[in-house]
Amino acid sequence: MAHQATLLMRQFVTHDVQRLLLTRPDGLSWQPGQGLELAIDQDAWRDQGRPFTPTSLLEDRILELTVKRYPEEDGVTEALHALEPGAALLLSDPFGTITYQGPGTFIAAGTGLTPFLAMLRRLAKDEALAGHRLLLSNKGERDVICAKELSHYLGDDLVLTFTREDDAGRQGRRIDTAFLDANIADREGHCYVCGPDPFVQSINDGLLSLGIDPDQLVYER
Ligand SMILES: Cc1cc2nc3c(=O)[nH]c(=O)nc-3n(C[C@H](O)[C@H](O)[C@H](O)COP(=O)(O)OP(=O)(O)OC[C@H]3O[C@@H](n4cnc5c(N)ncnc54)[C@H](O)[C@@H]3O)c2cc1C
């Protein structure tokens, strides 16, 4: 892989998501929303690259990745969650088709938030948050990544929905076509979609059935 980095520290963001702060390799550049491949630079792991999305700003002097742990035997995310500061990492050049195209609605499930977290942080820094809404699906409240930060950025344009909870004042349901119909911010705006493949497929189908033009859809192709 093209770049080397060192783990500086890691912190829990939710019960199963950690923020990894790395040294930022010279010469690594990306657009908010793009992914890159990461491998632990150790014999047992070097050939096991996995895609993650930088969530720090390009101008930050560190590189942040926001990583959910899947508790599989020999899983890379499990190993990343236990990695000690000072560990060497390998990073690829960025890739991916989720990049910012203009105002609209971000629609995410779980760690599908990460490309939109990167974009929202960019928009916040540029004082350009108006005209954006986030529809975010999680299993429960404890799974929401950076909830306070998102709420600070978006206010009422943060729409949380939980598949396994029905708290007072919350929407305890999946994002289906009726939900999209009620919550899409602007039918003329872009619709950004990220999450597990079946989620992306069903959201895209729902958006198209609501008359959203295919050119308005931004997702990993
Ligand atoms: C372009 C891109 C960007 C990504 N960015 C991020 C990011 O910023 N943060 C992050 O936490 N993850 C991100 N992911 C997902 C991440 O790459 C996987 O979670 C990781 O590769 C799992 O590696 P593992 O070796 O621990 O688990 P594996 O052994 O590869 O898989 C473990 C188990 O988890 C399931 N699984 C793995 N990934 C997913 C998923 N995305 N959705 C549902 N089930 C899954 C598998 O089916 C399997 O059962 C991204 C994926 C892509 C394609």
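**Exercise 1. Work out how strand 3 is paired, and which of its residues are covered.**

Start with the partner on one side: strand 3 (residues 36-40) pairs with strand 4 (residues 50-52) in the antiparallel sense, over 3 bridges. Strands here are DSSP E runs of at least two residues, helices are H or I runs of at least four, and both are numbered from the N terminus. Two strands count as paired if DSSP finds at least two bridges between them. Within this pair, Leu36 sits opposite Phe52 of strand 4.

Next, take strand 6 (residues 88-91): strand 3 pairs with it too, antiparallel and again over 3 bridges. Here Ala39 has Leu90 as its bridge partner.

Now look at the faces. Leu36, Leu38 and Ile40 make up the covered face of strand 3, while Glu37 and Ala39 lie on the uncovered one. For burial, count the other C-beta atoms (placed from the backbone) within 10 Å of a residue's own: 20 or more is buried, 12 or fewer is exposed, and in between is partly exposed.

A word on the ground rules: this is a predicted model, where local features need pLDDT of at least 70 and side-chain atom pairs count only at pLDDT 80 or more, though totals for chains, interfaces and linings use all residues. Residue numbers run from 1 along each chain as its sequence is written.

**Exercise 2. Trace the open sheet of 5 strands and find what packs on it.**

First, the order: it reads 9-8-7-10-11, with parallel pairing. The edges are strand 9 (158-162) and strand 11 (217-218), each pairing on one side only.

Second, go to strand 10 (residues 190-194), which 5 bridges join in parallel to strand 7 (residues 104-109). One register point is Phe106, whose bridge partner in strand 10 is Tyr192.

Third, add the helices. Helix 2 (residues 114-125) packs on the sheet and touches strand 7, strand 8 (132-138) and strand 10, its direction making about 135° with that of strand 10. Helix 3 (residues 147-154) touches strand 8 and strand 9, at about 155° to strand 8. Contact means C-beta atoms, placed from the backbone, within 7 Å; axes are lines fitted to C-alpha atoms, for helices over the stretch in contact, with angles from 0 to 180 degrees between N-to-C directions.

Finally, follow strand 10 the other way. Strand 10 pairs with strand 11 in parallel over 2 bridges, and Tyr192 stands opposite Val218 there. Strand 10, helix 5 (residues 197-209) and strand 11 form a right-handed β-α-β unit (with the strands pointing away from the viewer, the path from the first strand over the helix to the second runs clockwise). As for burial, 4 of the 5 residues in strand 10 are buried.

**Exercise 3. Check the span of helix 2 and say what covers its buried residues.**

Begin with length: helix 2 has 12 residues and spans 17 Å from first C-alpha to last, close to the expected 16 Å (1.5 Å times one less than the number of residues).

Then list the buried residues: Thr114, Pro115, Phe116, Leu117, Ala118, Met119, Leu120 and Leu123. Their cover includes strand 5 (62-68), strand 7, strand 8, helix 3 and strand 10.

Last, peek past the end: just after helix 2, Glu127 has a positive phi of about 50°.

Notes. Contact = placed C-beta atoms within 7 Å.
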